Amino acid sequence: MRLGEIAEGRPADLAIMDYKPPTLLSDANFLGHLIFGLVDATVDTTVCRGKILMQGKKLLTLDEERIAARSRELAPQMWQRLASL
């Protein structure tokens, strides 16, 4: 399996970030953008093994509302367990 290539028939794992830098982005300052700018950028789209999992900041394969509701239901138990440590 060859990695590091986006091509037909290759596994594709990538994330497209919503990042509009206030200064020019170049090879010379990429590390600064990575450390100080991209770290706070939001993910717009993700692809895993060629399947789009998130597009336009919307999850396509998970029920966010159901997961959030279940998390709220379980949160008091988690906090109780943490408080007893």
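# Figure legends: overall view and close-ups of a predicted chain

**Figure 1. The chain follows the pattern β-α-β-β-β-α when read along its sequence.** The model shown here, and in every close-up below, is predicted. Its secondary structure amounts to 2 helices and 4 strands. The radius of gyration of the chain is 19 Å, well over the 12 Å that the globule rule gives for 85 residues, so the chain is more spread out than a compact globule. Taken along the principal axes, the box filled by the C-alpha atoms is roughly 50 × 35 × 25 Å. Of the 85 residues, 9% are buried. The exposed surface of the chain comes to about 7,400 Å², and carbon and sulfur atoms supply 59% of it. Among contacts with a separation of 6 or more, 39% are between residues 24 or more positions apart.

**Figure 2. Helix H2 contains a kink at Leu 74.** Helix H2 covers residues 64-83, which makes 20 residues. At 1.5 Å a residue, helix H2 should span 28 Å; the C-alpha atoms at its ends are 28 Å apart, so the expected span and the model agree. The kink at Leu 74 is about 40 degrees. Leu 74 lies shortly before the proline Pro 76.

**Figure 3. Arg 70 and Glu 73 form a salt bridge within helix H2.** Side chains of opposite charge can pair when their charged atoms come close. The closest N and O atoms of Arg 70 and Glu 73 are 2.4 Å apart. Because these two residues are 3 residues apart in helix H2, about one helical turn separates them. Arg 70 is partly exposed, with a relative accessible area of 43%. Glu 73 is also partly exposed, and its relative accessible area is 49%.

**Figure 4. Asp 18, Lys 20 and Lys 57 are joined into one network by salt bridges that share partners.** The chain has 3 salt bridges by the rule applied here. One of them links Lys 20 with Asp 18, where the closest N and O atoms are 2.8 Å apart. Another is formed by Lys 57 with Asp 18, and here the closest N and O atoms are 2.6 Å apart. The pair of Lys 57 and Asp 18 links distant parts of the chain, the two residues being 39 residues apart. Asp 18 belongs to strand S1 (residues 14-18), whereas Lys 57 lies in the loop between strand S3 (51-55) and strand S4 (58-59). Lys 20 counts as exposed, because its relative accessibility of 69% is over 50%. Asp 18, at 28% relative accessibility, is partly exposed. Lys 57 is likewise partly exposed, with a relative accessible area of 38%.

**Figure 5. Arg 49 and Lys 57 each have a positive phi.** Most residues other than glycine have a negative phi. Arg 49, which is not a glycine, has a positive phi of about 50 degrees. Its place is in the loop between strand S2 (42-48) and S3. At 70% relative accessibility, Arg 49 counts as exposed. Lys 57 is the residue of the salt bridge with Asp 18, and its phi is near 65 degrees. Lys 57 is found in the loop between S3 and S4.

**Figure 6. His 33 is a buried residue of helix H1.** Helix H1 covers residues 30-36. His 33 has a relative accessibility of 7%, which is under the limit of 20% and therefore means buried. Leaving aside neighbours within four places in sequence, the residues in contact with His 33 are Tyr 19, Pro 21, Thr 23, Leu 24, Leu 25 and Leu 38.

**Figure 7. Ile 52 is a partly exposed residue in strand S3.** The relative accessible area of Ile 52 is 37%. When residues up to four places away in sequence are not counted, Ile 52 touches Thr 45, Thr 46, Val 47, Leu 60 and Thr 61. Ala 83 is 31 residues from Ile 52 in sequence, and the two residues are 39 Å apart in space, C-alpha to C-alpha.

Terms used
Residues are numbered from 1 along each chain as its sequence is written. This is a predicted model: local features need pLDDT of at least 70, side-chain atom pairs count only at pLDDT 80 or more; totals for chains, interfaces and linings use all residues. Side-chain values use heavy atoms; hydrogens and water are left out. The expected span of a helix is 1.5 Å times one less than its number of residues. The bend at a residue is the angle between axes fitted to the seven residues ending there and the seven starting there. A salt bridge is a side-chain nitrogen of Lys or Arg within 4 Å of a carboxyl oxygen of Asp or Glu. Buried means under 20% relative accessible area, exposed over 50%, partly exposed in between (1.4 Å probe, protein chains only). The radius of gyration is taken over C-alpha atoms; the globule rule is 2.2 Å times the number of residues to the power 0.38. Contact means heavy atoms within 4.5 Å. Accessible areas come from the Shrake-Rupley method with a 1.4 Å probe; for residues, only the protein chains shown count as cover.
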